Number of protein chains: 2
Amino acid sequence: MRTEWLKQRNGEECPTQIHYARNGTITAEMQYVAQREGLDAELVRSEVARGRMIIPANIHHTNLEPMAIGVASRCKINANIGNSAVTSHETEELEKLHMAVHYGADTVMDLSTGGDIPGIRKAIIANSPVPIGTVPIYEALTRVRSVPDLTADVLLEVIEEQAGQGVDYMTIHAGILIQFLPLVSGRITGIVSRGGSILGQWMAHHHRQNPLYERFDDICKIFRKHDVSFSLGDSLRPGCLADASDEAPFAELRAWEHDVQVMVEGPGHIPMDQIKLQVDKEMELCSEAPFYTLGPLVTDIAPGYDHITSAIGAAMIGWHGAAMLCYVTPKEHLGLPDKDDVRQGIIAYKIAAHAADIARHRLGARDRDDALSRARYTFDWNRQFELSLDPETARAMHVETLPEEGYKEAHFCSMCGPKFCSMNMSQAVERYNGEIASPLVTLAASSGKR
Amino acid sequence: MRTEWLKQRNGEECPTQIHYARNGTITAEMQYVAQREGLDAELVRSEVARGRMIIPANIHHTNLEPMAIGVASRCKINANIGNSAVTSHETEELEKLHMAVHYGADTVMDLSTGGDIPGIRKAIIANSPVPIGTVPIYEALTRVRSVPDLTADVLLEVIEEQAGQGVDYMTIHAGILIQFLPLVSGRITGIVSRGGSILGQWMAHHHRQNPLYERFDDICKIFRKHDVSFSLGDSLRPGCLADASDEAPFAELRAWEHDVQVMVEGPGHIPMDQIKLQVDKEMELCSEAPFYTLGPLVTDIAPGYDHITSAIGAAMIGWHGAAMLCYVTPKEHLGLPDKDDVRQGIIAYKIAAHAADIARHRLGARDRDDALSRARYTFDWNRQFELSLDPETARAMHVETLPEEGYKEAHFCSMCGPKFCSMNMSQAVERYNGEIASPLVTLAASSGKR
């Protein structure tokens, strides 16, 4: 789809969406996004120009179906895939990609840290209609023996290669500076951002400043050339509730000076009563650049169920204005997620993002809920399954106790049985209301509630 | 345990906890609760006297380990078990009870609607250290041919029998009155409370007032005799998001006049932005009687995952002051939960209630989180599993990719592998901080955050 669009921009010096937006041009990508979101194209353009919305769309990712991340559009979710040195290969990662896109991930990050990383990434980009994000310091680290051997040049080399491959956004931990390391001292879990901890170790070893900070302008130049968006890593995000109120710096937004798109990453592990504050602070300090949060988890005591501990925080932070929610799977803290973990994580986050859209009263957000509820009330089981986030699972659960096809039209399920179905009985009340209750409406109105 | 305590009160005319509390007596039950909660016994007594806390403890439930429901104590969760006419029997229900208690349900409701209901309930009470709740109208309905055949006498007969068996609290739908039925007209899903819909159908058929309302004083007398607590059913709770703002009456609190303990049931299906309002309204209209909510679900589009859609709402409503959260299992709307659904529901709700305790800053609420996080940071995998809500599941997920016992002390897991473990690398930063960073603390303090 984008091949034609991109051909027309061939050879332009700054082909970034924010550059076009600032010059008053509505690109085909903006047009497409506006249609998907039911928004005015001019609004999309102005939000992108303002830096409050990004359209991550590397010029080499031609099979991308453009999407937007920003508070004016629907709340998005990201699914992390990628292998580790310990487990998984290309075929499995492609299966995870398909699973992620099938269940509705809006973007996918390839966090591979083992095997043929560029090869896996190439296959993922070639097969993905959604934007692909990476954390280039991971691949950089695989090219050297150990953390102290990393250099700014290796980092930039990897960033340039990934940009040329078509990566749509990259996490760059430019905000963690050597003078912040002592802030980590009082913490229970130290630095839990992998990129942040690599840079922390590097700076502690060399007693030198963060190379991603020092070479930030060079990175901007690469991003500008390919239209890669920044995802500014929050290297000092808390790794447990106890660390949630620590001072952690908000990363810089110099990228805008280079006409490069930016979103800002957020926590992590945050008690519910501090979640709104996180969004307010980010919006204030980062000029409302789209906020991209991991969870947050609202308790630390449920390893094996952190898709749930974090979906609670994610729904709330999405309601308060986060633009994209990075999923957490049940395997978080315990092992590399497999295909089924990916599905579990995505469904939990589709729930969170959708609940956020509803609570923010985004246009039409509740339409699907209402349609499903109508199907439920009229015992149209098949329609109910179709409208649900995971039709196969909903159907399977219903079939488990009532397998015969005739039950798909039954006015009850095995939960209550025929005699105890409230929706069934409630229809008797409706008939009553329809026939004789109109005088009672007046009575109810005059007597008020009690 | 309670046998001795109860012997001393033998033959007393009003053996309810609220009666003793109002007379200034700290009962053994209050003492026990105070110890479990880390609260002052006098505070427990005054909260019970004030009606802001209940200790559901039928005088015939001798093997009960008393617990409290109220905003001053930790947030509680209830697990619904019970068969339907379509599926499940006594053995399975006892297995569900054990599962529920094992994973930490604070109370259990037996909602059986089929087979030998009194027999199942007897076995459940005899085996339960936690309070048992019921909805007596269910059993009443099984004693007649159809809804219109229900009578006030059958209802009271069932209530009296269940009270004599040792049921600790009962849902009584006294708040739905005939003049409210027209309020249901504009709704998508009508009346979804099973009890409410039975009474709705009955009233619509007979054109007569709710018998539970008309005989409320008689019910109070039974409850007073056995110390059964009311759970006042919210018959008109919304069954989908669209119905969430409907007018629904708050039930009466006449029970207090009879020295009977009361809690008030709440919704249901509520968008996130309306959750706080629900608690505020309940507290205002029901004089802060403990609020016992079902979920609420924050979206309708995820049948098969309603333990998650509702855990989000439950955590939030618990934070805002709900005293007990009734769980929802993955099977909700689709079929009768089995043992594994019970486990899934309970864990999701333990997460919600615990997150609420943390957000309300209840004393010591975060201790377990901090201990688990410390174990996580020091790679004490076994300790981490022990401290988690579901140790078996956490361990199994870890073992899945790293089965050998040696990995229980490894400084990484399969998610990141040895080279990419942030907690591992972060310890290098700590050494740096310990050795030479103290001058930098001054630097960081003077340069401020950026």
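This is a short tour of a predicted model with chain A and chain B, going from the pairing of the chains to the core.

**The axis.** Start with both chains shown as C-alpha traces. A turn of 180° with a shift of 0.0 Å along the axis lays chain A on chain B, with an RMSD of 0.0 Å. That is the relation of a two-fold axis. To locate the axis from chain A, select Ile312(A): its C-alpha is the nearest in that chain, 2.3 Å away.

**The interface.** Next, select the residues of each chain that touch the other. The selection should hold 131 residues from chain A and 133 residues from chain B. Of the interface residues of chain A, 100% are also interface residues in chain B, so the copies meet through the same surface. Between them the two chains bury about 11,000 Å², and 69% of that area is on carbon and sulfur atoms.

**Polar and charged pairs.** Stay at the interface and show side chains. Two salt bridges cross between chain A and chain B. For one salt bridge, select Glu400(A) and Lys331(B), where the closest N and O atoms are 3.1 Å apart. Polar contacts across the interface number 18 residue pairs, counting pairs with both residues at pLDDT 80 or more. Colouring the chain A side by residue class gives 72 nonpolar, 35 polar and 24 charged residues.

**The core.** Now select Phe230, Met272 and Leu325 in both chains; these have the most contacts inside the largest nonpolar core, a set of 252 residues. Finish by centring on Phe230(B). Beyond four places in sequence, its contacts include Met170(B), Ile172(B), Phe216(B), Phe223(B) and Val260(B), as well as Gln261(B).

Note on methods. Residues numbered from 1 in each chain as written. Chains lettered and ligands numbered in written order. Predicted model: local features only at pLDDT ≥ 70, side-chain atom pairs only at ≥ 80, totals over all residues. Heavy atoms only, no water. Contact = heavy atoms within 4.5 Å. Buried area = accessible area lost by both parts, 1.4 Å probe. Salt bridge = Lys/Arg side-chain N within 4 Å of Asp/Glu carboxyl O. Polar contact = N/O pair within 3.5 Å; in protein donor to acceptor, adjacent residues only side chain to side chain. Nonpolar A, V, L, I, M, F, W, Y, C, P; charged D, E, K, R; others polar. Core = buried A, V, L, I, M, F, W, Y, C linked by side-chain atoms within 4.5 Å. Buried < 20%, exposed > 50% of the residue type's maximum accessible area, 1.4 Å probe, protein only. Least-squares fit on C-alpha atoms with pLDDT ≥ 70 in both.
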